[in-house]
2 protein chains.
Amino acid sequence: MPTSSIPCDVLLAAGTILTQNETREVLHQAALAIIDGRIAAMGPVADLAERFVPREVLDLSRTMVLPGLINTHTHAAMTLFRGLCDDAPLAVWLTEHIWPAESRMDAEAVRLGTQLACAEMLASGTTCFFDAYLFAGAVADAADAAGLRAVIGQGVMEIENPVFKNPKAALQAAEALADQLDGHDRLRVGIFAHAVYTCSPQTLSRCVGFVRDRGLLLATHAVETARENDDCLNAHGQRVIPYLRDLGFLGPGTLLAHGVALDADDIAILAATGTGVAHCPKSNMKLASGIAPVSALRAAGVRVGLGTDGAASNNALNLVSERNVAALLQKVATGNPTALDAQAVLDMATRDGADALGWPQLGRLTVGGPADLCALDLDRPNLTPSLNPVSNAVYAANGGEVVLTMVAGRVLYRDGAFPEFDYPALLADFRQAAARLTHRTA
Amino acid sequence: MPTSSIPCDVLLAAGTILTQNETREVLHQAALAIIDGRIAAMGPVADLAERFVPREVLDLSRTMVLPGLINTHTHAAMTLFRGLCDDAPLAVWLTEHIWPAESRMDAEAVRLGTQLACAEMLASGTTCFFDAYLFAGAVADAADAAGLRAVIGQGVMEIENPVFKNPKAALQAAEALADQLDGHDRLRVGIFAHAVYTCSPQTLSRCVGFVRDRGLLLATHAVETARENDDCLNAHGQRVIPYLRDLGFLGPGTLLAHGVALDADDIAILAATGTGVAHCPKSNMKLASGIAPVSALRAAGVRVGLGTDGAASNNALNLVSERNVAALLQKVATGNPTALDAQAVLDMATRDGADALGWPQLGRLTVGGPADLCALDLDRPNLTPSLNPVSNAVYAANGGEVVLTMVAGRVLYRDGAFPEFDYPALLADFRQAAARLTHRTA
């Protein structure tokens with residue numbers, strides 16, 4: 001052992017690394033040295049093997065390593081409603097199926113549903129998610145048990161629900177959770193004001209004040225459909241985006257889910273305020289909500305991340321297929337095959353999504369940054385040949401090629417198994433919880 | 001052993017079977033008995049276990065078994081061009097990248113590229129494909145080696161190419177191959193007249209005469225873009241569909257790939273003539289060609305199958321993700337979330353596709369029919385819970401859950417491996433062939 005050798009936790013050797021750094025460097029036959037959950041060094045395998053003495057060696061030489069994917073909009077616990085109702089008009093879906101089942105939700109079901117969501121996300125390369133739901137404490141427990149990073153959005157709305165009687169109580173719950181998670185390496189709290197049609201202007205303003213004092217992420221559903229603009233015009237005399245701007249809701253710490261029915265003025269406002277957008281193409285398509293103007297948003301300089309939305313309207317939490325569909329949809333919607341190219345959509349699923357969550361250390365592999373990553377098996381038929389790794393990751397992969405997912409240096413998924421929790425034992429619990437909520441065989 | 005016991009080759013026990021039969025029966029805890037590549041019986045596990053003495057038992061009790069998927073339009077050998085050029089206008093893609101590489105194609109490269117395609121299709125549950133390419137003999141060799149079913153479309157066009165000097169020679173080659181494959185259980189020959197813009201009316205008519213005498217499938221690319229109609233109007237005074245009708249090209253034995261730029265009159269012609277359509281949503285989206293009116297076609301009674309197109313424009317040959325995108329795209333295109341529901345798109349990927357290929361024994365699991373099937377792992381997070389198996393298959397699956405694919409009773413794919421051919425050894429050959437054709441690292 002040369003005297004210069006440095007101990008490290010993991011030495012990971014990859015066939016290809018898509019760093020997603022500032023210059024989008026792609027490395028071949030390269031390694032990462034990981035110490036205390038961070039990337040201590042990155043470079044040629046031989047160099048790092050000489051410099052470091054690893055506690056564990058991960059041979060991923062037949063894989064392509066990417067930053068862990070960032071899911072900027074989901075309702076994780078709704079995995080328990082997967083397949084409950086499809087192919088129905090929004091009103092039928094919501095009032096006849098989702099709401100009745102949701103009224104039976106409790107903290108234990110949210111914990112289980114979120115853990116199932118975490119398993120699904122890990123199995124398809126996602127390492128961080130923004131969650132928009134109720135029972136935020138249960139979401140935090142599940143994300144912690146699964147080992148993912150998360151910004152846990154405490155839901156806020158006027159409607160009384162199983163968790164809180166009014167928005168003030170919701171914000172008090174958020175404050176308590178923020179105190180509890182203070183200093184947590186992987187979990188953060190955010191505020192998820194449900195929508196302009198379920199929150200009064202006073203509630204929206206109160207949310208703004210709350211996050212401003214505490215530096216938390218603020219999110220809401222915005223213009224998922226054109227009807228939201230019509231309703232907002234009727235109720236408040238403005239389209240949704242100017243209305244939110246005038247309430248002080250927009251800014252670099254704000255993330256809008258969907259952003260479908262945006263006109264040029266709306267896009268200019270989002271750009272000027274530094275507001276981010278979580279694009280959820282599969283959910284928008286499935287509910288026939290419309291097509292978000294992603295190319296126009298990006299051209300205006302708006303940070304756009306990718307989100308899966310919940311499993312009740314997608315029905316998967318798989319960002320690999322989501323980014324594929326995002327690229328294809330913009331091309332056909334704009335009539336331009338050069339729209340939203342492979343690198344752009346890979347950026348959205350990684351670094352842009354991280355930026356939109358206010359967590360710019362994530363979504364790229366850089367020395368000093370967190371060791372959050374996924375590895376795709378390069379020997380799979382659908383990733384062969386490897387003429388263009390970025391193209392293969394975006395256009396040829398489906399998520400099933402993910403053989404390893406790591407968060408903060410810990411392997412949380414490998415070859416179909418979850419080393420850090422007992423997935424096979426949990427399966428029965430997931431199914432029981434789904435059956436109990438839906439009154440169906442699960 | 002009770003005296004009534006019948007010997008069978010395989011007894012397969014499934015958690016769920018989506019039979020895709022006439023009534024779309026879904027069976028739970030059911031089994032298939034397979035004899036000589038055919039389904040001898042289907043029913044409760046206990047009943048079949050009592051009646052049959054199997055040579056081999058396949059425990060797929062934790063999976064959902066579906067008919068093998070039918071890919072009605074691909075250019076299999078083009079897997080070797082996967083990722084060669086993306087995000088480019090059609091003309092640049094074709095003239096600067098695909099054609100130069102294609103000019104270096106030979107029989108050996110087609111054999112390898114097709115075998116890679118077969119591996120990819122098996123790994124995502126496809127058991128039968130229609131191939132549209134040159135070197136049809138090499139395609140047949142590869143499909144035979146991989147064990148799939150295929151209708152091998154012999155390419156016909158005016159342009160001189162590495163295989164034949166003129167259309168007459170192409171048809172002679174097709175005749176020779178048809179003689180060679182006569183009586184083959186899994187392989188059939190078809191004629192693939194490339195397009196109205198690459199075949200003269202005389203050549204199209206000659207193809208019609210050729211298939212009519214021999215009962216072969218006839219296919220062509222038709223109205224992939226609106227421009228094809230403009231060009232056809234200029235050249236022949238008619239839109240593509242009436243032009244093809246007047247040439248006698250349409251009918252129950254004809255399959256049109258793409259069918260994007262169709263108006264109501266075109267759709268009525270397709271319905272009246274019994275012509276089938278191979279819908280290729282991902283390729284149409286990626287090349288920004290447009291959106292095929294699938295709901296309208298189905299409403300008019302046109303048989304619509306699903307196709308992946310080639311890996312140069314998709315870039316995967318995965319019908320599980322293709323059917324997902326097909327459903328989502330129709331919903332957003334029509335503004336109707338009930339359009340192309342899960343059952344409809346599952347039909348397209350199975351029985352409707354089989355019918356469109358003129359092979360109606362395929363695409364459903366029925367007693368007496370071929371044992372062509374795939375099995376999806378029900379324990380995967382993204383298929384949990386299983387409130388609605390058809391919904392999960394269409395909206396939640398991505399293809400990575402396929403754990404077994406069988407054609408004619410033979411297991412051709414299981415848990416990442418291909419028992420009938422040496423995939424790991426072939427990988428180097430696939431990469432070398434791609435590198436040789438593209439002059440790039442593969």
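Begin with the lining of the second largest cavity of this predicted model: select α12 and α14 (389-396) of chain B, each of which supplies at least two residues to that lining. To display the full lining, select A:K282, A:A316, A:N318 and A:S321 from chain A, and then add B:S321, B:N324, B:Y395, B:A396, B:A397 and B:N398 from chain B. By class these residues divide into four nonpolar, five polar and one charged, and the space they enclose has a volume of about 50 Å³.

Next, turn to the largest cavity, which holds about 70 Å³ of space and is one of six cavities of 30 Å³ or more in the structure. Its lining takes in A:S321, A:N324, A:V325, A:Y395, A:A396, A:A397 and A:N398, together with B:K282, B:A316, B:S321, B:N324 and B:V325. The elements to colour here are α12 (319-334) and α14 (389-396) of chain A and α12 (319-334) of chain B, since each gives two or more residues to this lining. Six nonpolar, five polar and one charged residues make up the lining of the largest cavity.

Now move to the open sheet of chain A, whose seven strands follow the order β3-β2-β1-β4-β13-β14-β15 with mixed pairing. At its edges lie β3 (38-44) and β15 (410-414) of chain A, each pairing on one side only, and the twist from one strand to the next averages 30°. Zoom in on β2 (residues 26-35) of chain A, which runs antiparallel to β3(A) and is joined to it by six bridges; one residue pair to select is A:I35 with its bridge partner in β3(A), A:R38.

Finally, select α14(A), which packs on the sheet and touches β1 (6-18), β2 and β4 (52-67) of chain A. The direction of α14(A) makes about 80° with that of β1(A).

How values were computed. Residues are numbered from 1 along each chain as its sequence is written. Chains are lettered from A and ligands numbered from 1 in the order in which they are written. This is a predicted model: local features need pLDDT of at least 70, side-chain atom pairs count only at pLDDT 80 or more; totals for chains, interfaces and linings use all residues. Side-chain values use heavy atoms; hydrogens and water are left out. On a 1 Å grid over the protein atoms alone, a cavity is a set of points where a 1.4 Å probe fits but cannot get out, and a pocket is an open set with protein on both sides within 12 Å along at least five of seven lines; lining residues have an atom within 4 Å of a point. Grid points are joined across faces, edges and corners, and a volume is the space filled by probe spheres set on the points. Helices (H or I, at least four residues) and strands (E, at least two) are DSSP runs, numbered from the N terminus. Ala, Val, Leu, Ile, Met, Phe, Trp, Tyr, Cys and Pro count as nonpolar, Asp, Glu, Lys and Arg as charged, and the others, Gly among them, as polar. Two strands pair if DSSP finds at least two bridges between them. Axes are lines fitted to C-alpha atoms, for helices over the stretch in contact, and angles run from 0 to 180 degrees between N-to-C directions. Contact means heavy atoms within 4.5 Å.
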